Amino acid sequence: MLADVIDHLVCPACGTAIHLADGSVRCARGHSYDVARQGYVNMLTRPAGTADTPAMVAARARFLEAGHYAPLAGRLARLCEGAAVVADAGAGTGYYLAAALGDAAAGIALDVSKHALKRAARAHPRIGAVVADVWRPIPVADHRVDVLLNVFAPRNAEEFARVLRPGGSLVVVTPGPGHLSPLVERLGLLNVDEDKDRRLEDTLGGRFIRIGEETEEIALSLRHDEVEAVVGMGPSAWHTRPEELTAKIGALPDPVPVTASFHITRWAVSP
């Protein structure tokens with residue numbers, strides 16, 4: 001798994017090249033990072049921020065593996081056609097990255113949650129999974145990535161620009177207006193920020209130029225257990241009380257019609 005991407009990675013402590021040796025990843029200056037038995041390598045050099053819990057990861061795996069967001073995965077795969085190296089900053093379980101790799105591309109899954117990367121490391125034979133914090137230097141060498149995915153995840157414009165090859169692209173997915181309607185209203189979930197697009201431009205505009213955008217909408221029919229999973233895999237999981245959520249879900253039709261809305265923007269590094 002890591003062997004397919006090791007030449008594109010660098011030591012997060014000193015920025016030098018690394019290699020695989022005896023169940024670890026090492027650089028010439030002696031920094032070493034253990035490879036877990038599940039296949040991922042933890043390259044955090046200090047504690048990071050909030051990471052997805054095992055329960056959130058399990059919920060995401062159940063929901064995505066059921067194919068509910070397959071149209072989004074298919075669209076991202078088409079945007080990655082022809083890429084030799086695809087990275088996903090905030091890869092989670094590796095679902096979208098695995099779909100994007102096609103017949104030959106290598107994939108770098110980056111996430112702060114080791115629980116998520118246990119699954120990402122097994123999501124595709126050409127994925128190398130790395131526990132890393134996007135708010136710090138990403139352990140990827142300069143100008144190695146053809147397409148960088150960022151799906152519902154934090155964005156570090158400086159680091160994203162550094163790792164992309166000349167002519168490479170950044171593909172960002174954010175929730176569109178009405179995402180998960182009517183669940184947001186009926187269950188008291190977090191609303192999509194009305195200023196999200198402006199904040200996205202503020203975050204990336206200094207280093208990137210927008211080269212395309214589109215909306216992907218998916219009409220879903222979700223059973224109660226699937227509603228529980230889609231709530232449990234996202235940020236609302238941190239803000240809902242399980243007993244109250246269960247009661248509210250029980251009051252919904254079964255199944256319940258739900259709209260998933262995604263805003264997809266494509267970016268190139270500013271000249």
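The following questions and answers walk through the sheets, helix packing and backbone details of a predicted model.

User: In the open sheet of 3 strands, which strands stand at the edges?

Analyst: The strands of this open sheet follow the order E1-E2-E3, and their pairing is antiparallel. Each edge strand has a single partner strand, so one side of each is left without a neighbour in the sheet. The strands in that position are strand E1 (18-21) and strand E3 (32-34).

User: Which residue stands opposite leucine 20 in E2?

Analyst: Strand E2 (residues 24-27) pairs with E1 in the antiparallel sense, and 4 bridges link the two. Across this pairing, the residue of E2 that stands opposite leucine 20 is valine 25.

User: What phi does aspartate 22 have, although it is not a glycine?

Analyst: Aspartate 22 belongs to the loop that runs between E1 and E2. Most residues other than glycine have a negative phi. Aspartate 22 instead has a positive phi, with a value of about 55°.

User: Over residues 10-44, how far apart are the end C-alpha atoms?

Analyst: In an unreviewed entry, UniProt lists residues 10-44 as "domain: 23S rRNA (guanine(745)-N(1))-methyltransferase N-terminal". Over this stretch the chain is 0% helix and 37% strand. The C-alpha atoms at its ends are separated by 12 Å.

User: In the open sheet of 8 strands, which are the edge strands?

Analyst: This sheet has mixed pairing, and its strands come in the order E4-E7-E6-E5-E8-E9-E11-E10. An edge strand pairs on one side only, and that description applies to strand E4 (41-42) and strand E10 (208-222).

User: At what angle does helix H2 run to E10?

Analyst: Helix H2 (residues 70-79) packs on the sheet of 8 strands, where it touches strand E8 (145-151), strand E9 (164-175), E10 and strand E11 (256-269). Taken against the direction of E10, the direction of H2 makes an angle of about 155°.

User: Which residue of E7 stands opposite leucine 110?

Analyst: Strand E6 (residues 106-111) and strand E7 (residues 127-131) run parallel and are joined by 5 bridges. Helix H4 (residues 114-123) lies across both of these strands, running at about 170° to E7. Within the strand pair itself, leucine 110 faces a residue of E7, namely valine 130.

User: Which residues in H4 meet H1?

Analyst: Helix H1 packs against H4 at an angle of about 35°, and their axes are 8 Å apart. From H1, the contact is made by Pro54, Val57, Ala58, Ala61 and Glu65. The residues of this contact divide into 5 nonpolar, 1 polar and 2 charged. On the H4 side, the residues are His115, Ala116 and Arg119.

User: In which hand does H1 cross H8?

Analyst: Helix H1 (residues 54-65) also packs with H8, at an angle of about 125° and with the axes 8 Å apart, and the two helices are therefore oblique to each other. Met56, Ala59, Arg62 and Phe63 in H1 meet Glu226, Ala229, Val230 and Gly232 in H8. The crossing in which H1 passes H8 is left-handed.

User: How do the residues of the contact of H8 with H9 divide?

Analyst: Helix H8 (residues 224-232) and helix H9 (residues 242-250) have axes that come within 10 Å and cross at roughly 140°, which makes H8 oblique to H9. H8 passes H9 in a right-handed crossing. In this contact, His224, Val227, Glu228 and Val231 in H8 meet Leu245, Ile249 and Gly250 in H9. These residues divide into 4 nonpolar, 2 polar and 1 charged.

User: What is omega for the cis peptide bond from serine 181 to proline 182?

Analyst: Proline 182 is found in the loop between E9 and helix H6 (183-187). Most peptide bonds are trans. The bond from serine 181 to proline 182 is cis, and its omega is near 10°.

User: Where is the place of proline 255?

Analyst: Aspartate 254 and proline 255 are joined by a cis peptide bond, for which omega is about 5°. As for its position along the chain, proline 255 is in the loop between H9 and E11.

Notes:
Residues are numbered from 1 along each chain as its sequence is written. This is a predicted model: local features need pLDDT of at least 70, side-chain atom pairs count only at pLDDT 80 or more; totals for chains, interfaces and linings use all residues. Side-chain values use heavy atoms; hydrogens and water are left out. Axes are lines fitted to C-alpha atoms, for helices over the stretch in contact, and angles run from 0 to 180 degrees between N-to-C directions. Angles under 35 degrees count as roughly parallel, over 145 as roughly antiparallel, 65 to 115 as roughly perpendicular and the rest as oblique. A crossing is left-handed if the near helix is turned anticlockwise from the far one by less than a right angle, and right-handed if clockwise. Contact means heavy atoms within 4.5 Å. Ala, Val, Leu, Ile, Met, Phe, Trp, Tyr, Cys and Pro count as nonpolar, Asp, Glu, Lys and Arg as charged, and the others, Gly among them, as polar. UniProt positions are given in the numbering used here, feature names are shortened, and annotations may be inferred rather than shown by experiment. Two strands pair if DSSP finds at least two bridges between them.
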